[in-house]
Amino acid sequence: MFKHLVVAVGVLVASAAHADPIDVAAGMSLVPGSNSADRQPDGNSILINAPQGLILVDTGRHRAHQDAILIAARLRGKPIAAIINTHWHLDHSGGNEEIRAAFPIAPLYASNAVDGALGGFLRTSRADAEAYLRSGKASPEMAEDIALDMAAIDNPGALRPSIPVTGRTSTGIAGRKLELNLAPFAATEGDVWLYDRRSRVLIAGDLVVAAAPYLDTACPEGWRKALDSIAARNFRILVPGHGAPMNKPQFLKWKRAFTNLLDCAASDAANAACIAGWRRDASAFIPAGKNTDSLIAYYLETRLRAAPDERERYCKPQ
Ligand SMILES: [Zn+2]
């Protein structure tokens, strides 16, 4: 099934497609990701003002999302001077090529985890996707999204970092000091999250996702540790990979829902109890009218309660 390609299957959050940028803090704005029922999602993107230009965190999947980023940058009157990918999922990195076409000298900060993905998950996904396209079962919208993802996979140079993030570092990017952290074996083999001490904004990528976590390439226990590291920071606002910014109490509520889900999966409780537990614990993050049950059921079956080898598949180098 092409589902593999489609990391973040999530047809969960019906937010307006390509909404206007939202100010998160002084000099920091969010270009919200889209998530509509018939399309693959775009992750959130963030533009951060820096002395030498703008720092862009994540590039989305669809051209309309990259256009929204480029328009927001133009309104600021500054070039994009650096790009950071929180992780290699294509709803966060698929637009690297388009952004770098406009700003070719901007370095890309990212984890080297994309190398393992290109040799494994993404290669398998691409083959599955091609077969699915040939079957003629894809809707025109799905076919368009699959073609976009295949094109991104076929240009690995745009996904690989020019400056790898290999651990925790406080570094000057485009003249602005930022703290970059690498969470190993979490939502992916290497998730980058950022903390800006000046504004006390934390950018979490898909370590925090409103509605439901995407566990397709996850090491659940590593992800739990990453959330502990995030909780230890004195942030005011956290920008998740998908969904609206959260304050600290909201994040702690989401974190509790996540750990409860993992604990439930490890217990003797029935699947239905774990599914209902998520629905209850994460209710503040699930938009009205949306239902996360089938997605949580899918992740219980394919990851959290899979055979030990499969459950631990992403807890080691790919
Ligand atoms: Zn995502």
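The crossing of helices α7 and α8 is left-handed. This is a predicted model. The points below cover that helix pair and a zinc site whose protein donors are D91, H92, D206 and H242.

**Helix pair α7 and α8**

- Helix α7 spans residues 220–231 and helix α8 spans residues 248–266.
- Their axes lie 11 Å apart and the helices pack at an angle of about 160 degrees.
- Angles over 145 degrees count as roughly antiparallel, so α7 is roughly antiparallel to α8.
- On the α7 side, the contacting residues are P220, E221, W223, R224, L227, D228, I230 and A231.
- On the α8 side, they are K248, F251, L252, W254, K255, F258, T259, L262 and D263.

**Zinc site**

- The zinc ion is held at 2.1 to 2.2 Å by D91 and D206 through OD atoms, and by H92 and H242 through NE2 atoms.
- The 4 donor atoms subtend angles of 87 to 153 degrees around the zinc ion, so the arrangement is irregular.
- A tetrahedral site would need all angles between 85 and 135 degrees.
- Along the sequence, the donor residues follow the spacing D-H-x113-D-x35-H.
- Distant parts of the chain are linked by D91 and D206, which are 115 residues apart.
- D91 belongs to helix α2 (residues 90–93), and D206 to strand β11 (residues 201–209).

**Burial of two donor residues**

- D91 has a relative accessible area of 0% and is buried.
- D206 also counts as buried, at 2% relative accessibility.
- The cut-off for buried is under 20% relative accessible area.

Notes: Residues numbered from 1 in each chain as written. Predicted model: local features only at pLDDT ≥ 70, side-chain atom pairs only at ≥ 80, totals over all residues. Heavy atoms only, no water. Donors = N, O, S within 2.8 Å, 3.2 Å for Na, K, Ca; no water. Tetrahedral: all angles 85-135°; square planar, octahedral: opposite > 155°, others 65-115°. Helix = DSSP H or I, 4+ residues; strand = E, 2+ residues; numbered from the N terminus. Buried < 20%, exposed > 50% of the residue type's maximum accessible area, 1.4 Å probe, protein only. Axes fitted to C-alpha atoms, helices over the stretch in contact; angles between N-to-C directions. Parallel < 35°, antiparallel > 145°, perpendicular 65-115°, else oblique. Left-handed = near helix turned anticlockwise from the far one by under 90°. Contact = heavy atoms within 4.5 Å.
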